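This report describes one protein chain from its overall make-up down to single residues. The sequence and structure come next, and the account follows them.

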Amino acid sequence: NPGRAPAQKMEFALGGWSHVIREENVSPSFKGKNKLEETVLESELGDLVCMQSLTLQHYPANACLLPICSLHGAAVTTVEGVGSTKARIHPVQERVAKCHGTQCGFCTPGMVMSIYTLLRNHPEPTLDQLTDALGGRLYVSIESGLFVFFTHQTSGCCQSKENGVCCLDQGINELPDPKLFSEEEFLPLDPTQELIFPPELMVRQMTLKELLEAKENPQAPIVMGNTSVGISNHTALFTNDFILGLTLGAGLSLAQVKEILAEVIQKLPEEKTQTYHALLKHLGTLAGCQIRNMASLGGHIVSRHLDSDLNPLLAVGNCTLNLLSKEGERQIPLNEQFLTKCPSADLKPGEILVSVNIPYSRKWEFVSAFRQAQRQQNALAIVNSGMRVFFGEGGGIIRELSIAYGGVGPTTICAKNSCQKLIGRPWNEEMLDAACRLILDEVSLPGWAPGGKVEFKRTLLISFFFKFYLKVSQILKTMVNGTDRVLAFPVLGVLDVDPKQLPQDPIGRPIMHLSGIKHTTGEAIYCDDMPVLDGELFLAFVTSSRAHAEIVSIDLSEALSLPGVVDIVTEEDLRGVNSFCLLIEPEKLLETQEVSCVGQLVCAVVADSEVQAKQAAKKVKIVYQDLEPVILTIEEAIRHHSFFQGERKLEYGNVDEAFKVVDQILEGEIHMGGQEHFYMETQSMLAVPKGEDQEMDVYVSSQFPKYIQVTWVAATLKVPANKIMCHVKRVGGAFGGKVTKTGIMAAITAFAANKHGRPVRCILERGEDMLITGGRHPYLGKYKAGFMNDGRILALDVEHYCNGGSTLDESLFVLETGVLKVDNAYKFPNLRCQGWACKTNLPSNTALRGFGFPQSGLITENCITEVAAKCGLSPEKVRMMNMYKEIDQTPYKQEIDATNLIQCWKECMAMSSYSLRKVAVEKFNSENYWKKKGLAMVPLKFPVGFGSTAACQAAALVHIYLDGSVLVTHGGIEMGQGVHTKMIQVASRELRMPMSNVHLRGTSTETVPNANVSGASLVADLNGLAVKDACQTLLKRLEPIISKNPKGTWKDWAQAAYDESISLSATGYFRGYETHMNWETGEGHPFEYFVFGAACSEVEIDCLTGAHKNIRTDIVMDIGHSINPALDVGQIEGAFIQGMGLYTIEELKYSPQGVLYTRGPDQYKIPAVSDVPTELHVSFLPPSQNSNTLYSSKGLGEPGVFLGCSVFFAIHDAVRAARQERGLLGPLKLDSPLTPEKIRMACEDKFTKMIPRDEPGSYVPWNIPV
């Protein structure tokens, strides 16, 4: 604009240093990571603390939502500014690390910043404040590290760097106490040592007059929080001089609104604060505190999102909006006309929203807020509502009634006509019935409505009104709301080490994660943290938008013409190397002829920058010709007989004969949905040509470097594997999802790098990662059980169908595992299990933690539960009756000693006080009609092994240097499970040296070739045995040297060995466990050992909304001799929570055309901190058996996932109690995940019967279960 004012500057502070940016260098979308890489504005997950210059308040925020322009006059602190290993770590960072609150570490900086901000504002926080600070945060096992802020704060750290060494270096890991951590050693929290707000940043804020000048362009939105680009305004915060209510500035953040309302409620009579209480309730669950700190009240209102939590309440509360323009001031009501953007009731061009008037409530007026979402916090509402009733002078006659709903239309919907017809009626049961029918008639929802869950939403419309009716009838004495959640301290029964163990031996001790401190300071390096290299290019994929179609043409011309675009890699470029065969089905890297799923890779754009590559990818024009059939669901695959080759079958005993002698026969089925990996670090890779001899380094976030090196990159480039080196420092979570698809993308990235002789980086965004990579297989399980009246199951015939997607990937392996583990903890004397992998038009599903067992085990446990119901027995009694007893034989003829299985079951029964709590649950249920509790306990037998000896081999390389230090390298990948930490523990024990002498840099095919995949809970087992072998080889060589000088140091011994020409380097090797399986005979020894366990969970459900609370979980695990109990309990907790998400809230949604809707955290919900059971107890069985595993330990990465189904069956128990009380005694079929929708619709009542039902086939649903 030639007429604009002279360039202005903006100032902000970053880590205490001032920065000035001039207007001509800034665009509205300018963000920290784009331009300020050297100052590290954006931390690992984009969390920072923005300290406002006027109020000197500290707010956690997401850098990805912060345009640089919004930081004018603010001081910014990133996790790097809080503390670092190079200077001084902060007490928050120390506690999170030393209390074992990190795993993969990718999200740890965000956790650190949330709690750091809390402590800046509240040096002595309450538990409620802690809960609120972490509310909505995705779960990691971090809480125990934070609770110490409420206990001792004495220091044990030297905070010294004398001789270049601090106690916070690796040496701190020497010998902690047998308990998990010692609070007495922690640094004190000292507020006087924090960064101060730079006084030079007290800058002048923009005035309203200047803002109106800027608003002369009516198309220019005013962006504040950038959480949704809408119109809002920076004005006075708030005043309380509005005679009839409260006036809030539109520029207030939602966090500030929350604080103000809480303060006002304390000062005013309760009868005046009905609306404020309701708003405060919603603000407690609306997004997370980072979003609330950025989103403005005005922006939230004017955006008018269909699922807005606040607008329904503000609408029923008779709020008004104060507007300002150059023409003057005016007021408009926040009503239905405004919410539907009616021109006569909306803002005019040039107007800005200045403030919002929220009236006081009156005597005999009641206001309530309701919402139901997929999880408790930081999840968009499925349906929400605001309701208000006014009775005038009392007497129970309705004088005013307002009802508004969100989530059931294009914007907030007001039930105006229904309310009008109810005025003058008494507040009684007759009015309730009429109101429900009127609401259903007025707020109609078609069967094809966006978002699906139509019948659930219809039920919530009237369930919410019934809850309001009850609440008002009880005069605010609620009958359905539970108590507030408070985080409980996770309890662990820690094992004591063997008293005979040498004090310097670290095995069995709770050693902190090797990278724990670096996780908390943001110094841990992941793939995308690697600095940009000279000439580096970025690669972005173009994917199919059709599920099954022929590609008629691809037009690359517009994309190639864009600035910065270097190349587009297609199938033609990969001629001769575009096809590969993983097992028996050929697959392609890129497909330009016939696509078989939405998200299939078609071509790849290579450009100078990420932005340019992704802009060009959108300009690639593809013309499709749709093909039939489009097969998406398991049922469709069965109907079309669309299966991959390789049916699997396991049979034991004589099933058909056994069915002839049983008392009863039951047939049933259960469907289980898939699951997204949702690793924190998305697929990431960087291919770097070395410039000579066709060499290339590939840095990749992968579980299988050998696979990347040999099968993919070397084969694609047609070079020997010795020219390609694959390096993995650490992985920010994987869960099985960084193997096959990672290899395909790495091969294409390497091809582009080789073609252009320049480094090429590829980092997927969350949405495209979820679209491309697939996840856990959806399953359909059908079963036929023959049993006696006392609950003994004599015959079981099971069929497994898994949705494999469009290519085979690892589906056959997953299917095999599910079939082999179908028995779980039970001895079925006659068993038959068959499995098929369905070929569908979805992205191919792949490995995910548990690898088939979470699905297979759920099918079996559901059968057990139904058998128990048929026999009139508790499921726990039937489980115990059919469990393996002592020495027995599995269906594949492998011997099993189930002694520890029975012991885990008994210990869990005792630890959870199961019998007493079962009585208490039944008493609670008899006294509450609209709330029910459920209690369930499940056993676990998890076989561990790869099924072949070759797949279990491992290697290691150990060097001793002349100064006595040791470098360890092995083939395992560090992805959060702490394998590197355990390997250093192994080396320390075997070489009898302090852990501080041992270092581990990462994993590389350059040092350890041909390493197997890191997975199946075996990474520490196998690689540890290889490290142990290498160390023992070295020690044996050095024994003569050490015996000559027993009091010498490792430096002395290394020098002496060198002088005598004794090698100080050794390879270690483990050939693998002797495992095998013959599918022709159905016999074998596919597993090396079994992990046993049990879990007992208690829940409470709301029968009117389907919401559930996880009250308590007790877990007992047989883990053998733990190498590191701190890491092991983290694995158990994390796996359990991931399993709980799988079975209860994580729901993938596909359109009838095969398009994945759930492509990010907005649509796909994994458990947050608030979803963790209020009480979570983990206990280990004392070690009782020795084995040939690493120090008789057991792998624990996967088994705990299945224990999450204890929550599923606790909900099942609660739903059954509700149905029985309503006289519904027939079979109960509940599929997984057991979402609020399924819980509510299973608790049938007069409201579910009242809603209209759509005839199947009369409409095309928004989504389908696959």
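The largest nonpolar core of this predicted model has 245 residues, and those with the most contacts inside it are Tyr405, Trp427 and Phe465. A nonpolar core is a set of buried Ala, Val, Leu, Ile, Met, Phe, Trp, Tyr and Cys residues joined through side-chain atoms within 4.5 Å. Helix α31 (residues 1019-1044) gives the most to this core, with 13 residues. A second, separate core has 39 residues, including Leu297, Ala315, Val356 and Ala369. Buried means a relative accessible area under 20%, exposed means over 50%, and partly exposed lies in between, with a 1.4 Å probe and protein chains only.

Because the model is predicted, local features need pLDDT of at least 70 and side-chain atom pairs count only at pLDDT 80 or more, while totals for chains, interfaces and linings use all residues. Residues are numbered from 1 along each chain as its sequence is written, and side-chain values use heavy atoms, with hydrogens and water left out.

Tyr405 can be described by its surroundings. Apart from neighbours within four places in sequence, Tyr405 is in contact with residues that include Pro312, Val383, Met387, Ile439, Leu461 and Phe465. Contact here means heavy atoms within 4.5 Å.

**The chain as a whole**

The chain contains 37 helices and 45 strands. Helices (H or I, at least four residues) and strands (E, at least two) are DSSP runs, numbered from the N terminus. Of the 1266 residues in the chain, 63% are buried. Among contacts with a separation of 6 or more, 78% are between residues 24 or more positions apart. The accessible surface comes to about 47,600 Å², and carbon and sulfur atoms hold 52% of that surface. Such areas come from the Shrake-Rupley method with a 1.4 Å probe; for residues, only the protein chains shown count as cover.

**A three-stranded sheet**

One open sheet has three strands in the order β21-β17-β23, with antiparallel pairing. Its edge strands, β21 (594-595) and β23 (621-626), each pair on one side only. Strand β17 (residues 549-555) pairs with β23 over six bridges. Two strands pair if DSSP finds at least two bridges between them. Ile551 stands opposite Tyr624 in β23.

**Annotated positions**

Which residue does the UniProt annotation "active site" cover? The unreviewed entry gives Glu1198. The record also places the feature "binding site" at Cys104 and Cys107, again in an unreviewed entry. UniProt positions are given in the numbering used here, feature names are shortened, and annotations may be inferred rather than shown by experiment.

Glu1198 is in the loop between β45 (1175-1180) and α34 (1200-1203). Glu1198 counts as buried because its relative accessibility is 11%. Leaving aside neighbours within four places in sequence, Glu1198 is in contact with Arg849, Gly850, Phe851, Phe942, Ala1016 and Ser1017. Its side chain reaches the backbone nitrogen of Gly850.

Cys104 is found in the loop between α3 (91-98) and α4 (108-121), and Cys107 lies in the loop between α3 and α4. Cys104 is buried, with a relative accessible area of 14%, and Cys107 counts as buried at 8%. Beyond four places in sequence, the contacts of Cys104 include His519, Tyr526, Val731 and Met975.

**Three buried loop residues**

Val731 is in the loop between β28 (724-728) and α23 (740-756), and is buried because its relative accessible area is 1%. Val731 and Met975 are 244 residues apart in sequence, yet their C-alpha atoms are 4.5 Å apart. Among the other residues that Val731 touches are Cys104, Tyr526 and Lys738.

Lys453 sits in the loop between α15 (429-442) and α16 (454-473). Lys453 counts as buried at 9% relative accessibility. The C-alpha atoms of Lys453 and Glu1237, 784 residues apart along the chain, are separated by 7.0 Å.

Asn578 is in the loop between β18 (565-569) and β19 (579-581), and counts as buried at 6% relative accessibility. Asn578 touches Glu571, Glu587, Lys588, Leu589 and Leu590, not counting residues up to four places away.

The table lists polar contacts, meaning pairs of N or O atoms within 3.5 Å; within protein, one must be able to donate a hydrogen and the other to accept it, and residues adjacent in sequence count only if both atoms are side-chain atoms.

| Side chain | Partner | Distance |
|---|---|---|
| Glu1198 | Gly850, backbone nitrogen | 2.9 Å |
| Asn578 | Leu590, backbone oxygen | 2.8 Å |
| Lys453 | Glu1147, side chain | 2.8 Å |
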